[in-house]
Each structure stands twice: as C-alpha cells, then as structure tokens.
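Me: I am new to this structure and would like a close look at one part of it. Could you pick one helix and walk me through what surrounds it?

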Amino acid sequence: MTRLPKKPAPDAEEEAAPILVPKGTGEFTFGDHLRHLHEHAGDIPATLDEFGRCAHCVRRGWFKLDS
C-alpha cells in the first residue's frame, strides 16, 4: 500500500486551453541570460529604455528610479 496522495484527474478543458503570457513577463531562461550578457558586452545591439539604460535591468529593478 502506498502512502502517497493520489492526484486528482485533470479537467480536459483546462489542459486544452493555451497559457497566454504577456511578452517580458515569462520565465527568464538561461539562453535569455546569455543574450543579455552579450548585449552588455556589445556583441549584439542592446534593448535600451528612453534614458539609454538596459531595459532588462530596469525591469528587474537593478536601477533606482531616480538614477
């Protein structure tokens, strides 16, 4: 006899519905991280905000708003 709890059967409607994630709010993958590092190194064009700061770093809160 197993002591593990049984998982409830998933609803077919929930499983069939696509998961929509707005751009920029999804999981930051390792590939995204490497691309970000190459942007800082100047190997590829960087995504900058209106003040010339790295948009990824600003979105993650690594810049103070008054800087």
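Reply:
**A buried charge in a helix**

E39 is buried (under 20% relative accessible area; exposed is over 50% and partly exposed lies in between, with a 1.4 Å probe and protein chains only), yet E39 has no salt bridge, that is, no side-chain nitrogen of Lys or Arg within 4 Å of a carboxyl oxygen of Asp or Glu. The nearest side chain of opposite charge is R35, 4.2 Å away, where Lys and Arg count as positive and Asp and Glu as negative, with His and the chain ends not counted.

Before we go on, please note that this is a predicted model, in which local features need pLDDT of at least 70, side-chain atom pairs count only at pLDDT 80 or more, and totals for chains, interfaces and linings use all residues. Residues are numbered from 1 along each chain as its sequence is written, and side-chain values use heavy atoms, leaving out hydrogens and water.

What does E39 touch? Leaving aside neighbours within four places in sequence, E39 is in contact (heavy atoms within 4.5 Å) with I44, P45, A46, T47 and H56.

E39 is found in helix α2; helices here are DSSP runs of H or I with at least four residues, strands are runs of E with at least two, and both are numbered from the N terminus. Helix α2 has 12 residues and reaches 17 Å from its first C-alpha to its last. That is close to the 16 Å expected at 1.5 Å a residue, taken as 1.5 Å times one less than the number of residues. Just after α2, G42 takes a positive phi of about 90°.

L37 also has its place in α2, which covers residues 30–41. L37 is partly exposed because its relative accessible area is 43%. Together with F30 and L34, L37 forms a nonpolar patch on the surface, a patch being residues with over 30% relative accessible area and no salt bridge, with nonpolar side chains (Val, Leu, Ile, Met, Phe, Trp, Tyr) joined within 5 Å and like charges within 9 Å. The accessible area of these three is about 300 Å² together, by the Shrake-Rupley method with a 1.4 Å probe, where only the protein chains shown count as cover for residues.

Now for the wider setting. The structure holds one salt bridge: D49 pairs with R53, their closest N and O atoms being 3.1 Å apart. D49 counts as buried because its relative accessibility is 18%, and R53 counts as buried at 15%. The protein chain has three helices and zero strands, and 12% of its 67 residues count as buried.
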